[in-house]
Amino acid sequence: MAQFPCDSNGVCMVCKQKPLETETLHCITCVTPWHFTCLPLAPTTIVDWECPDCSQPNLAADSLAPSIAGDLVSSIRAIENDPSLTDEEKAKKRQELVGGSSTESETINRGCNDSIDIFDGSLNCSVCVQLLERPVTTPCGHNFCLKCFEKCIRQGKNTCSNCRTPIPAKMASNPRINSQLAIAIRNAKLARSEGGVGGSGGSKVYHTVHNDELPDTAYTTERAKKTGKANACSGKIFVTIAKDHFGPIVAENDPTRNRGVLVGDSWEDRMECRQWGAHLPHVAGIAGQSNHGAQSVALSGGYVDDEDHGEWFLYTGSGGRDLSGNKRTNKDQSFDQKFESYNEALRVSCRKGYPVRVVRSHKEKRSSYAPEKGVRYDGVYRIEKCWRKIGIQGHKVCRYLFVRCDNEPAPWTSDLSGDRPRSLPIIEEFKGAIDITERKGDPSWDFDEKKGCWLWKKAPPLSKKTSKRVSSKKSKDTLLKDFGCNICHKVLSSPLTTPCAHNFCKACLEDAFSGQSYIRQRASQSGRSLRTRKNIMKCPTCSADIADYLQNPQVNREMMGVIESLQRQTEQQMEESSEELSAKSDENLTPDEEMEEVSNPCDSGEKVLMEINNDLDPPKKERKVAGGKVVVNLEEHIDDAVVESESMDFD
C-alpha cells in the first residue's frame with residue numbers, strides 16, 4: 001500500500017479526501033499530517049508517533065544519502081527533546097534546519113519589495129525547491145524546472161510530485177517551457193538588481209515586433225498567388241546590413257528604432273523576420289555562401305535528426321531529398337548529403353569560428369525551446385564541430401554542433417547575463433562519424449576575459465555584397481505583457497496553463513469551448529449503435545488537443561499569487577504617487593494667497609476654497625475644487641472684483 005501524507009491543503013494523497021481532525025495524525029519529528037485510515041500499518045499509540053519516513057531514515061529518497069537523512073532526523077529529534085525551547089522556537093529551528101535560515105530569505109527579499117514577489121518561494125520548483133529555471137507547468141497547475149521534470153520522468157515518476165496527478169504521456173515525452181514565467185522571473189531579477197522597479201539601470205527591454213501597419217510588407221503578386229508565402233515578394237528591409245553580414249545586428253544598423261535586433265524579438269512569420277535581417281531567406285533554413293561562410297540558420301523541424309538542447313543543438317545540413325516536379329514538400333531522404341553549397345558554408349564558419357545568428361520557429365514541435373507562435377531570434381551561436389553520419393532515414397547527413405555564445409541571456413532562461421565559455425557536450429554519434437571537421441586555430445568570435453563579453457577577436461569578414469539603405473520611418477512596436485492571456489490579451493485572471501504551455505484566463509478558455517460536448521454521439525448504422533467518439537478540442541493558440549485537460553482544468557495558484565501581488569503593488573504605487581502630487585500642490589501655496597470660503601450652490605452647501613493672488617498681472621483668481629485648480633482671468637481694470645457664485649463653473 002502506498003505511503004503518502006496529506007498535502008498542503010490537508011487532502012490525503014492516497015484516498016484524495018480531506019480527513020477530519022480526529023482522523024489526522026501529526027508526526028512528532030517532521031510535523032507532517034497523515035490520514036489515520038490510509039496508513040499501511042495501524043499505529044499502536046498516537047503519543048510520540050513518528051511517520052513511516054522518519055521512523056525509517058534508511059529508506060530515504062534516492063536524492064539523499066542514508067547517512068544524511070539519518071543525521072537530519074536525529075537533529076530534528078534533538079530539537080524536539082530540548083526542554084529549554086518553546087514550541088515557537090522549536091518550529092523556527094526546525095524550519096531553519098530543513099529549509100535554510102530565515103535571515104537569508106529576508107536578505108533576498110529586502111531588495112525586491114518593489115518588484116514581483118517571487119523570491120519568497122511562491123515560484124519555486126516542486127522538486128529542487130529552488131527558484132524556477134526554464135519552468136514547465138503541469139496540467140494540475142504546479143511548476144517544475146525543466147531538468148527536474150525530465151529527471152522525474154526518466155526515473156519512471158509519471159505523476160506530479162505535489163498532488164500525484166498523472167502527467168499526460170505527450171507532455172512527459174515533450175515538455176514545453178512556460179515562456180511567460182521565464183520572462184517574469186528574469187524581469188523580477190532585473191528589478192531587484194537595479195534596486196526596484198524605479199531603479200536607474202540599463203535594463204534591456206524585449207520587444208515583439210509587428211509590421212502589420214506598415215505599407216510595404218511582404219505581398220503575393222496576382223500571378224504567383226498560392227497558399228502560404230512561398231512565392232511572396234519581400235517588403236522593405238529595415239536594417240542597414242549587407243546580405244552577408246556576420247554576427248549580431250547592433251543599434252548602428254537600425255536607423256528605424258536605433259536599438260538593433262535583440263534576443264527575444266519575435267515576428268509573425270519568416271517574411272517578417274527577413275525584414276529585420278535576422279534570417280534573410282524566407283524558405284531556406286541556411287543563409288550563407290560556400291566560399292564565404294554561413295550567417296544564420298533557422299530551426300523549424302525540417303529534419304528528424306535535429307536535437308535541440310537550448311544552449312546547444314545538433315543541426316542537420318540541407319539536401320538529400322528529391323524535390324523535382326511536384327515533390328516540393330518531400331521530407332524523405334533519398335540520397336546522401338555532402339559538404340557543398342549551404343553545407344560547405346556552415347563548415348567554413350566552423351573553421352573560422354564565425355558567429356551564426358539562430359532563429360527558432362514554432363514549427364519545431366519536438367523542441368522544448370521553440371516559441372509558442374511565430375519566429376524568434378535567440379542570439380548567436382558558434383559551430384564547434386561538424387561531421388557526417390548515417391541518419392535516421394538510412395542516408396548520410398551532415399551534422400553540426402552549435403553552442404551558444406551571446407552577450408544577452410536566452411529567452412527561455414531567467415538569467416540576467418549572457419553566456420560564458422562552456423565545455424562541449426558529449427555527443428554519442430560523434431564516435432562513429434566520418435569527415436570530421438574541427439577548428440584548429442583561434443576563433444574569430446570569442447570571449448574576452450578582461451571585458452567579460454563576447455566580441456570579434458579578429459576582424460569580421462568583409463562583405464561581398466552591397467548593403468541596402470532604408471528610410472528612417474519609425475515602426476510601431478508592441479510590448480506584450482509578461483502575464484497576458486492569449487485570448488483576451490489582458491492580464492491573466494485565474495490563469496490556466498495547458499499541457500502545450502499556453503496561458504489563458506479561466507473564463508476565456510471556458511467561453512471558447514462553451515456549448516461543446518466532450519463526447520460525440522454517432523448515428524446508428526444497419527440497426528446497430530456505434531460507439532461514442534471523443535471530440536477534438538484544439539488549443540486556441542496551437543493545434544494541440546486539450547479535450548482531456550478541459551474536463552478538469554486546474555488554476556495555476558502560484559502564477560495567480562504572483563499576478564495578484566504585482567497588482568497590489570501597482571495600486572499601492574499609484575496611491576502613493578497621487579498622495580505625493582497632492583502634497584506637492586499643497587506645498588506650492590504661499591502665505592500671500594488670500595483664502596476665501598464660498599459655499600457651492602451646486603454641491604449641497606459644501607465649502608470651496610478660493611485663492612486670489614494679487615501679484616499676478618493681470619490678476620487671476622484660483623479655485624481649488626476636489627484637489628484641482630481652475631484659473632479665472634479677471635478684467636485688468638476691475639478694482640475689488642466681486643465674483644458672484646452663480647457665474648462660477650464648478651464642472
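Here is a short chat between a learner and a teacher about reading this predicted model.

Q: Where do I start? What does the secondary structure of the chain come to?

A: Start by counting the elements. In this predicted model, the chain comes to 12 helices and 25 strands.

Q: How much of the chain is buried?
A: Of the 651 residues in the chain, 43% are buried. You can look at the outside too: the chain exposes about 36,400 Å², and carbon and sulfur atoms supply 49% of that area.

Q: What share of the contacts join residues at least 24 apart in sequence?
A: Take the contacts between residues at least 6 apart in sequence: 56% of them join residues at least 24 apart.

Q: Which residues have the most contacts inside the largest nonpolar core?
A: The general idea comes first. In soluble globular proteins, nonpolar side chains tend to be buried together. In this chain, the largest nonpolar core has 64 residues, and the ones with the most contacts inside it are Tyr315, Leu346, Tyr400 and Phe402. Try clicking on Leu346: leaving aside residues up to four places away in sequence, Leu346 touches Ile286, Ala294, Val297, Tyr315, Ile383, Tyr400 and Phe402. There's also a second, separate core of 20 residues, and Ile237, Val261, Ala278 and Val380 are among them.

Q: What is the sign of phi in Val129, and where is Val129 found?
A: Here's the background: most residues other than glycine have a negative phi. Val129 isn't a glycine, yet its phi is positive, near 55°. You'll find Val129 in the loop between helix 4 (102-110) and strand 3 (135-137).

Q: Why does Val129 count as exposed?
A: Val129 counts as exposed because its relative accessibility is 53%, and exposed means over 50%.

Q: What about Asp435: where is it found, and what is its phi?
A: Asp435 is found in strand 14, residues 434-438. Its phi is positive as well, about 50°, although Asp435 is not a glycine. Asp435 has a relative accessible area of 39%, so it is partly exposed.

Q: How many cavities of 30 Å³ or more are there?
A: The count comes to one cavity of 30 Å³ or more. About 30 Å³ of space lies in the largest cavity.

Q: Which residues line the largest cavity, and how do they split by class?
A: The lining is made up of Val127, Phe144, Phe149, Cys152, Thr159, Cys160, Ser161 and Ile167. By class, that lining has six nonpolar residues, two polar ones and no charged ones.

Terms used: Residues are numbered from 1 along each chain as its sequence is written. This is a predicted model: local features need pLDDT of at least 70, side-chain atom pairs count only at pLDDT 80 or more; totals for chains, interfaces and linings use all residues. Side-chain values use heavy atoms; hydrogens and water are left out. A nonpolar core is a set of buried Ala, Val, Leu, Ile, Met, Phe, Trp, Tyr and Cys residues joined through side-chain atoms within 4.5 Å. Buried means under 20% relative accessible area, exposed over 50%, partly exposed in between (1.4 Å probe, protein chains only). Contact means heavy atoms within 4.5 Å. Helices (H or I, at least four residues) and strands (E, at least two) are DSSP runs, numbered from the N terminus. Accessible areas come from the Shrake-Rupley method with a 1.4 Å probe; for residues, only the protein chains shown count as cover. On a 1 Å grid over the protein atoms alone, a cavity is a set of points where a 1.4 Å probe fits but cannot get out, and a pocket is an open set with protein on both sides within 12 Å along at least five of seven lines; lining residues have an atom within 4 Å of a point. Grid points are joined across faces, edges and corners, and a volume is the space filled by probe spheres set on the points. Ala, Val, Leu, Ile, Met, Phe, Trp, Tyr, Cys and Pro count as nonpolar, Asp, Glu, Lys and Arg as charged, and the others, Gly among them, as polar.
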